[in-house]
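Please look at the fold below with one strand and its neighbours in mind. The text starts from a single pair of residues and works outward.

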Amino acid sequence: MDSLSPESRHIIMSHIRSKDTKPEKQIRSALHRAGFRYRICDKRYPGKPDLIFPRYYAVIFINGCFWHAHENCQYFVFPKSNQDFWKKKFTRNKERDAENIKYYQEQCWRICVVWECSIRGKKSKQKIEKVTEQIIQWLEEPSESFLEIKG
């Protein structure tokens, strides 16, 4: 049972945005300070990656643990109300993520997935610095085609 009225829930959910989220802004800012230039959520690219580095043939997806149903993560809790809706929603989100990753792999692009839990919580500044260093190394040394950063 939901503890909020449908109207209150609607207001809260309508304020959640799909781009320019706090984790995205933090990673973008850190990479920009490090001298990297990128495109943001460009509609010309399938799945609208959060960051696109055409020079490196690399894309970065910054996934919220809740919206992408990050398994075994403290920030993902399956909602207790309207479970059929949420199950379909999370399943479709995961399918779409897999389709996007497959597309970029087929096009020989490099993919990085950064999970929200890897930069959130206590000592988040240090976590962001660590994740940024991993991304920089990944961009500059193209040995891995797929990088996943989890908390």
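Phe 61 has Val 113 in S4 as its bridge partner. This is a predicted model, in which local features need pLDDT of at least 70, side-chain atom pairs count only at pLDDT 80 or more, and totals for chains, interfaces and linings use all residues. Residues are numbered from 1 along each chain as its sequence is written, and side-chain values use heavy atoms, with hydrogens and water left out. Helices (H or I, at least four residues) and strands (E, at least two) are DSSP runs, numbered from the N terminus.

The pair belongs to a longer contact between strands: S3 and strand S4 (residues 110-115) run parallel and are joined by six bridges. Two strands count as paired if DSSP finds at least two bridges between them. Between S3 and S4 comes helix H3 (residues 83-106), and the three elements make a right-handed β-α-β unit. Right-handed here means that, with the strands pointing away from the viewer, the path from the first strand over the helix to the second runs clockwise.

S3 also pairs with strand S2 (residues 51-53), this time antiparallel and through three bridges. There Ile 52 stands opposite Val 59. The hairpin of S2 and S3 has four residues between the strands, and Tyr 57 takes a positive phi near 50°.

How many residues of strand S3 (residues 58-63) are buried? Six of the six are, so the strand is largely enclosed by the rest of the structure. Buried means under 20% relative accessible area, exposed over 50%, and partly exposed in between, with a 1.4 Å probe and protein chains only. Ala 58, Ile 60 and Ile 62 are buried on one face of S3, and Val 59, Phe 61 and Asn 63 on the other.

Part of S3's surroundings is seen from helix H2 (residues 22-33), which has 12 residues and reaches 17 Å from its first C-alpha to its last, close to the 16 Å expected at 1.5 Å a residue; the expected span is 1.5 Å times one less than the number of residues. Its buried residues are Pro 23, Glu 24, Ile 27, Arg 28, Ala 30 and Leu 31. They cover an arc of only 165° around the axis, so they lie on the same side of H2; the arc is that of the directions from the helix axis to the C-beta atoms. What covers these residues includes strand S1 (39-40), S2, S3 and helix H4 (124-140). On the other side of H2, Lys 22 and Arg 33 are exposed. Just after H2, Gly 35 takes a positive phi of about 100°.

Definitions and conventions: Contact = heavy atoms within 4.5 Å.
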